[in-house]
Structures are given as C-alpha cells and as structure tokens.
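Here's a quick tour of one protein model, going from a single strand and its partners out to the whole fold. Have the viewer open as you read.

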Amino acid sequence: EVAPGRPRTGHRSGAEPDAGGPREAHAARIEAGVTIDGKMDDAWRAAVPVSFTTDWSGAETGIETSVRFAWSTHALYMLWELAGAGVNVDATRPVDVERAKLYEEDCVELFLGPDPAEPTRYFEVEVGPHGHFLDIAIDRAKKKSDVDWSSRPKIATNVDRDARKVTIEAELRAPDVVAALRPGASLPLGLYRMEGKSPRRFLAWSPTRTPKPNFHVPEAFGRLKVD
C-alpha cells in the first residue's frame, strides 16, 4: 500500500475525476492578516468553508472536515475544523521541528500547486492536532521531492477530546507560496485527512478514486480560487 502522505514514482494510478469539473475552494483577501491562535474568530467570517465527509475512494464516512482559506500579501492562512477526531498522535514529540512520518498518525494534508500550468509540481504541508508538521516540495514530472523546502509555518491548534473536535489554524509564509497568491489565480489544490487506527480513514475533499489509498494524484486535484 502506498502511504498517502508520500509520493509514488511513476505515472498516474487510475484516478477518475468527479463529474462537473474540479471542486473549488476560495481564499478571501484579509490584508490585516489572521491571528494564529487556534480559534475560529471574526477574521474568518469572510472566508467561505468547504466541507467533506468522503474518503479517497469517494465513499461516505460520516466524518466531517471543514476548511477555510484566507490570504494577504504576506501569507496563506488556513483553518481546519475536524469532527469525530480521535487525536491519535504522539503528543510527547516536539512541535517546533519537522516531524518525520507524521502521516502515520492523525493529521490533515494540504497539497497546493503554485502554477496551474505545472500541476505535477506542488507543495505538501501536513499538520497534526497538536501542531506537529511536515512540509515538502514535490515535482512528479522530475520524480523529485525536496524535503528541505519549508512552508515557514506558524501553527496553533485547539483540541476538545470530549467533543471529539479539533481546530487547526496555520499561516504559511514561504515566498513561493506567497508569490502564487494573485487575485484571480486558480491554483491546484488537494485537501486530505488521516483519521483513526482501526479502521484507518483516508479522507479526501476531491477523491482520487485510486485502487488503494493514494493522495498524490494531480489529475484529481480541485482548485483554490484567490479572491
């Protein structure tokens, strides 16, 4: 089985795009920026969320994930709200350095392409419920992955174990991410979530519909519209 958080080499693996074209999310312009505190505060009111309850195959899971985006000339902001969260993570690990193999625990994943003309080149940012992170730049055409690339993240989270809810808020300040945020831009976007141990859930906003769980399918990406 291919680890959904890591790219497989080679060609596409049988993705079937959703009818009606790619799904769309919108990033609202908030020039004052967002205070990264792990809360859904007033700064996010202008950002329209996208939600999903499907897994990578398109099957319904009943586990809801909601994501909002905003941007300024300094950063891309994202707010994830997770329902049905089991918070299966090793909380003893440090959160101020990259976490290898974070995708083996519960986490969310953003795939963002800076250039729609090159959909096989994109950034991957993984964030866990306690703020652990892993980021990488991927070029599938060249079969290369740059683990030294940094999204320059600022992250805050809020975990409510009793309600099984998690909020993840992040600010991505990487220059090549910021450079792609131009009004009217339509950027390749994948939104995913790993949840649970048994069963292990591979949730997807835009399902890849591969025979086995695999998130690295650019043909199945949706779009982030920069407003």
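## Around strand E11

Glu195 in E11 sits opposite Arg201 in E12. This is a predicted model, by the way. E11 and E12 (residues 201-204) run antiparallel and share four bridges. Their hairpin has five residues between the strands, and Gly196 there takes a positive phi near 85 degrees.

E11 has other partners too. Strand E5 (residues 107-112) pairs with E11 in the antiparallel sense over six bridges, with Leu110 opposite Leu191. Strand E13 (residues 222-226) is also antiparallel to E11, joined by four bridges, and here Pro188 faces Arg223.

## Two covered faces

How many residues of E11 (residues 186-195) are buried? Ten of its ten. In a regular strand, side chains alternate between the two faces of the sheet. In E11, Ser186, Pro188, Gly190, Tyr192 and Met194 point one way, while Leu187, Leu189, Leu191, Arg193 and Glu195 point the other, and all of them are buried.

## The whole fold

Zooming out, the protein has 13 strands and one helix. Along the sequence, ten strands come ahead of the helix and three follow, as in β-β-β-β-β-β-β-β-β-β-α-β-β-β.

The radius of gyration is 16 Å, which agrees with the value near 17 Å for a compact globule of 227 residues. Buried residues make up 53% of the chain. Of the contacts with a separation of 6 or more, 65% link residues 24 or more positions apart.

## Surface and charge

The accessible surface is about 10100 Å², with 49% of it belonging to carbon and sulfur atoms. There are 31 positive and 35 negative side chains, and the centres of these two sets lie 3 Å apart.

Note on methods. Residues numbered from 1 in each chain as written. Predicted model: local features only at pLDDT ≥ 70, side-chain atom pairs only at ≥ 80, totals over all residues. Heavy atoms only, no water. Helix = DSSP H or I, 4+ residues; strand = E, 2+ residues; numbered from the N terminus. Rg over C-alpha atoms; globule rule 2.2 N^0.38 Å. Buried < 20%, exposed > 50% of the residue type's maximum accessible area, 1.4 Å probe, protein only. Contact = heavy atoms within 4.5 Å. Areas by Shrake-Rupley, 256 points an atom, 1.4 Å probe, with all protein chains shown as cover. Lys, Arg positive; Asp, Glu negative; His and termini not counted. Charge placed at Lys NZ, Arg CZ, Asp CG, Glu CD. Pairing = 2+ DSSP bridges.
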